[in-house]
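These entries record what I looked up in the structure, in the order in which I took the topics. I began with charge and then turned to overall form, the core and one aromatic residue.

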Amino acid sequence: MSATARHHIANLLHTYVEIADRKDVDAVVDLLGAARVVFPAARSADPGGARELFGRLWTDPAPHRHDVSNLIVEPAGDGLWSARAHYTRWVLRPDPELHTLGEYALLVAEDGWRVRSLTVTRTWTR
């Protein structure tokens, strides 16, 4: 089952960063609206809070790109899976500039493969 969990969680995580790179607030609310989302300076736990959080987070019109690596998925009991991964965020102004190094931590329910929580930390930011 761990290969199946890893597959689904990798898809969820990469779907999230694809949405983030498009700065698509409607899509992120669909994906994470019911989840507990924690950033260093903001959080949400419902669709309205997610809309406000990501709407504020993605106001800068400069395009950006996230790259994800070092995904580790582990059982968390009771049909839950925990995952963590590293990310880099590049800002394209127009040349790529490394802006952020950080980590994602997720808790995902096996039933429906829904994200229960996403915590985003920043190790370094420009």
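Entry 1, charge. I looked up the charged groups of the chain in this predicted model. There are 15 positive and 16 negative charges, and their mean positions lie 4 Å apart.

Entry 2, secondary structure. I counted 3 helices and 6 strands in the chain. Along the sequence their order reads α-α-β-β-α-β-β-β-β.

Entry 3, overall dimensions. I asked what radius of gyration the chain has beside that of a compact globule. For 126 residues the globule value would be near 14 Å, and the chain has 14 Å, so the two agree. Along the principal axes, I find that the C-alpha atoms fill a box of roughly 45 × 30 × 20 Å.

Entry 4, surface and contacts. I noted an accessible surface of about 7,000 Å² for the chain, with 52% of this belonging to carbon and sulfur atoms. Of the 126 residues, 40% are buried. I then took the contacts with a separation of 6 or more: 47% of them join residues 24 or more positions apart.

Entry 5, the core. In soluble globular proteins, nonpolar side chains tend to be buried together. I therefore looked up the largest nonpolar core here, given that general tendency. This core has 35 residues, and Tyr-16, Leu-32, Phe-54 and Tyr-104 have the most contacts inside it. Helices H1 (2–22), H2 (25–32) and H3 (47–57) each give two or more residues to the core, as do strands including S1 (36–39), S3 (64–77) and S4 (80–92). Strands S5 (96–109) and S6 (114–125) also belong to the list of contributors. H1 supplies the largest share, 9 residues.

Entry 6, Tyr-16. Which residues does Tyr-16 touch, not counting those up to four places away in sequence? I found Val-28, Leu-31, Leu-32, Phe-39, Phe-54, Tyr-104 and Leu-118. Among these, Leu-32, Phe-54 and Tyr-104 are listed with Tyr-16 as having the most contacts inside the core.

Entry 7, Trp-124. I located Trp-124 in strand S6. Is Trp-124 buried, partly exposed or exposed? Its relative accessibility is 35%, and since partly exposed covers values between 20% and 50%, Trp-124 counts as partly exposed. Leaving aside neighbours within four places in sequence, I find Trp-124 in contact with Leu-98, His-99, Thr-100 and Leu-101. I also checked Trp-124 against Gly-77: the two are 47 residues apart in sequence and 32 Å apart in space, C-alpha to C-alpha.

Technical notes
Residues are numbered from 1 along each chain as its sequence is written. This is a predicted model: local features need pLDDT of at least 70, side-chain atom pairs count only at pLDDT 80 or more; totals for chains, interfaces and linings use all residues. Side-chain values use heavy atoms; hydrogens and water are left out. A nonpolar core is a set of buried Ala, Val, Leu, Ile, Met, Phe, Trp, Tyr and Cys residues joined through side-chain atoms within 4.5 Å. Buried means under 20% relative accessible area, exposed over 50%, partly exposed in between (1.4 Å probe, protein chains only). Helices (H or I, at least four residues) and strands (E, at least two) are DSSP runs, numbered from the N terminus. Contact means heavy atoms within 4.5 Å. The radius of gyration is taken over C-alpha atoms; the globule rule is 2.2 Å times the number of residues to the power 0.38. Accessible areas come from the Shrake-Rupley method with a 1.4 Å probe; for residues, only the protein chains shown count as cover. Lys and Arg count as positive and Asp and Glu as negative; His and the chain ends are not counted. The place of a charge is taken as NZ of Lys, CZ of Arg, CG of Asp or CD of Glu.
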